[in-house]
Amino acid sequence: MEKYGSKLLGTSYKDPITSFSLFQKFSVQHPEAYWSIVLNELAVSFHDAPKCILDTTDESKHGGTWLPGSVLNIAECCLLPRSHPRKEDSSLAVVWRDEGCDDSNISHMTLKEFREQVMLVASALDAIFSKGDAIAIDMPMTVNAVIIYLAIILAGCVVVSIADSFAAKEIATRLRVSKAKGIFTQDFILRGGRKFPLYSRVVEAAPLKAIVLPVIGNEVGIQLREQDLSWKVFLSSANRHPRSNNYTPIYQPVEAVTNILFSSGTTGEPKAIPWTQLSPIRGAADSWAHIDVQAGDVFCWPTNLGWVMGPASIYSCFLSGATLALYHGSPLGRGFGKFVQDAGVTILGTVPSLVKAWRSTQCLKGLDWTRIKSFASTGEVSNIDDDLWLSSRAYYKPIIECCGGTELASCYIQGSPLQPQVFGAFSTASLTTGFVILDEHGIPYPDDQACVGEVGLFPVYMGATDRLLNADHEKVYFEGMPMYRGMRLRRHGDIIKRTVGGYLIVQGRADDTMNLGGIKISSIEIERVCDCADESISETAAVSVAPVYGGPEQLVIFVVLKKGFNAKPDELKSIFSRAIHRNLNPLFKVNNVKIVPEFPRTASNKLLRRVLRDQMKQEIPIWSRI
């Protein structure tokens with residue numbers, strides 16, 4: 001803004017803080033001007049340069065065509081040294097530590113060492129797979145997982161992102177939808193000194209070729225199927241390749257798919273969301289502009305490649321010259337906190353449930369987090385008390401709230417270091433993002449009015465999807481949305497509140513998708529599992545309720561029993577928990593079970609979960625400690 005503010009805003013420009021909102025509006029109206037500047041701030045190198053920034057001549061594309069004619073390999077952009085942003089071969093690319101090694105030195109890899117490892121894995125991939133093949137990753141986000149992720153894209157293949165917490169059935173669904181040809185996984189997951197099976201879940205899911213990494217040492221600790229390869233054997237094929245350290249990337253058009261991620265909608269099957277090479281650029285640009293990620297930063301965000309923040313963290317670091325910090329273990333304990341201290345983390349990303357756990361266990365006591373310049377938070381609604389406590393760990397540094405979606409590859413509302421930040425709230429739409437808040441009739445409220453309603457995004461949104469692999473993109477995101485200034489608004493599904501002071505607070509979903517511990521899932525998926533969990537059950541309804549004073553959403557299951565059966569809520573709570581852990585995700589927690597004689601329904605017999613949700617809001621009093 002100091003460099004371009006006067007040129008872009010003219011006499012209206014005062015300084016970066018005073019003029020931030022004006023600059024944000026300018027970026028929405030003139031995205032070409034904004035992106036032509038920002039592309040030079042990120043480590044994006046084109047093999048063939050784009051003809052222009054944005055082409056809106058094709059009226060069938062709501063979001064326009066971005067960087068038409070450009071050809072690149074986004075993984076190569078992550079790996080090459082450059083003068084701006086400053087990335088040298090000797091720069092630290094990744095730092096990490098294994099759980100249980102709290103007093104050992106931090107492990108590290110320079111950009112040159114990291115690039116050589118990625119090229120080695122890409123060479124090994126060429127011996128087994130073909131260009132365009134979809135290859136899954138189902139393992140914790142370790143340094144090897146990041147190497148594999150970029151190697152798959154460098155080799156012109158497509159990453160299929162699967163969270164390591166999923167049951168075999170959920171893994172199988174994602175492998176089938178993506179048409180994956182192979183999968184990288186680990187023999188076990190190590191948490192708190194205990195081993196949990198992972199390879200066995202992959203085996204149960206599909207007969208695909210698996211490449212299996214050992215969680216400890218160099219040898220896998222489990223018998224492999226005939227078609228599978230250990231990591232050691234897989235890499236040996238590349239070691240025989242004379243050019244493995246000088247790999248030639250596969251260059252593809254900017255619209256080529258590089259990653260398939262999954263997001264639950266309101267239907268049973270998760271939406272398969274393809275990321276093109278535009279998606280990483282958008283995500284990294286938001287981190288650069290709103291979280292101030294830059295060369296010299298050490299960026300840590302405990303997450304997984306199966307969730308949007310996994311790939312977003314990789315690109316946020318490697319396209320801006322920051323160092324990626326990874327903890328190979330659970331982030332819940334003191335070991336993670338000590339890693340943050342010892343690695344000199346400057347930007348720490350969290351989810352609110354993680355902060356709540358740190359605060360309640362007091363596991364961070366005595367640690368020095370003063371190198372942190374800012375926190376970031378996403379995944380669920382923040383608790384104000386917990387945020388105040390977290391901020392105090394680093395001399396009251398700001399917490400930048402982030403809210404977006406896998407299909408956007410970014411955040412549509414965020415905080416900014418150039419604005420006063422409020423705990424649990426967003427201070428601005430992200431740069432180049434336009435939106436309106438709609439009333440119940442689909443009419444936008446005035447931009448300066450305090451209100452509550454469903455958000456409608458402006459469709460011209462760099463990095464957002466224009467297709468889904470297993471659903472009708474037009475129907476999911478545009479059908480039934482109102483027109484605004486000649487544009488068909490894009491559906492996102494959030495209900496947001498704009499306060500008198502102009503801050504934004506997310507108040508839940510317009511549909512029946514719930515957000516449990518940062519993982520979006522539909523009510524229907526949970527109900528399908530619970531309906532079959534016990535013979536006494538006639539039907540179930542799953543709703544999530546946000547506590548009055550913030551914090552993670554709580555899962556409540558309403559139950560109608562069959563005639564003649566008499567079950568107790570506590571018994572059903574245990575039964576539902578086991579069924580959900582076995583069939584969906586062991587991270588989901590059932591907070592409450594309520595037995596009712598019947599469910600409220602519409603005239604067409606549709607279940608009114610909203611009425612049940614409102615009923616529970618009256619019954620779950622949670623008081624702030626402030």
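**Close-up 1. Strand β4 and its two partner strands in the predicted model.** In this predicted model, strands β4 and β17 (residues 323-328) pair in the parallel sense over 5 bridges. Within the pairing with β17, aspartate 98 has histidine 328 as its bridge partner. Strand β5 (residues 107-110) also pairs with β4, here in the antiparallel sense and over 4 bridges, and valine 94 stands opposite methionine 109 of β5. Of the 7 residues of strand β4 (residues 92-98), 5 are buried, so the strand is largely enclosed by the rest of the structure.

**Close-up 2. The open sheet of 7 strands and helix α7.** The strands of this open sheet follow the order β12-β11-β8-β6-β7-β14-β15, and their pairing is mixed. Strands β12 (229-230) and β15 (271-276) are the edge strands, each of which pairs on one side only. Strand β7 (residues 158-161) is joined to strand β14 (residues 257-263) by 2 bridges in the parallel sense, and valine 160 is found opposite isoleucine 260 of β14. Helix α7 (residues 168-178) lies across β6 (134-138), β7, β8, β14 and β15, and runs at about 140 degrees to β14.

**Close-up 3. Arginine 174 and two phenylalanine rings.** The charged end of arginine 174 sits over the ring of phenylalanine 166, at 4.0 Å from the ring centre. The charged end of arginine 174 also sits over the ring of phenylalanine 262, in this case 5.4 Å from the centre.

**Close-up 4. The aromatic pair of phenylalanine 184 and phenylalanine 234.** Across the whole structure, a search finds 17 aromatic pairs. One of them is formed by phenylalanine 184 and phenylalanine 234, which meet edge-to-face with 5.4 Å from centre to centre and 85 degrees between the planes. Because phenylalanine 184 belongs to strand β8 (residues 182-186) and phenylalanine 234 to helix α9 (residues 231-239), the pair ties together parts that lie 50 residues apart in sequence. Both partners are buried: phenylalanine 184 has a relative accessible area of 0%, and phenylalanine 234 has one of 1%.

**Close-up 5. The pair of tryptophan 358 and tryptophan 369 and the aromatic cluster.** The ring centres of tryptophan 358 and tryptophan 369 are 5.5 Å apart and the ring planes stand at 85 degrees, so this pair is edge-to-face. The pair links distant parts of the chain, with tryptophan 358 in helix α13 (residues 352-361) and tryptophan 369, 11 residues apart from it, in the loop between α13 and β19 (374-377). Tryptophan 358 counts as buried at 0% relative accessibility, and tryptophan 369 is likewise buried, with a relative accessible area of 3%. Ring pairs join Trp358 and Trp369 with Tyr327, Phe336, Phe339 and Phe375 into a cluster.

**Close-up 6. The buried side of helix α18.** In helix α18 (residues 609-619), the residues Arg609, Leu612, Arg613 and Met616 are buried. These residues cover an arc of only 100 degrees around the axis, which means that they lie on the same side of α18. As a general matter, an α-helix has 3.6 residues a turn, so residues three or four places apart point the same way. The buried residues of α18 pack against helix α16 (523-531) and against the strands β31 (537-545), β32 (554-561) and β33 (590-595).

Methods. Residues numbered from 1 in each chain as written. Predicted model: local features only at pLDDT ≥ 70, side-chain atom pairs only at ≥ 80, totals over all residues. Heavy atoms only, no water. Phe/Tyr/Trp six-rings, centres within 6.5 Å; stacked < 30°, edge-to-face > 60°. Buried < 20%, exposed > 50% of the residue type's maximum accessible area, 1.4 Å probe, protein only. Lys NZ or Arg CZ within 6 Å of the ring centre and 35° of its normal. Arc of directions from axis to C-beta. Contact = heavy atoms within 4.5 Å. Pairing = 2+ DSSP bridges. Axes fitted to C-alpha atoms, helices over the stretch in contact; angles between N-to-C directions.
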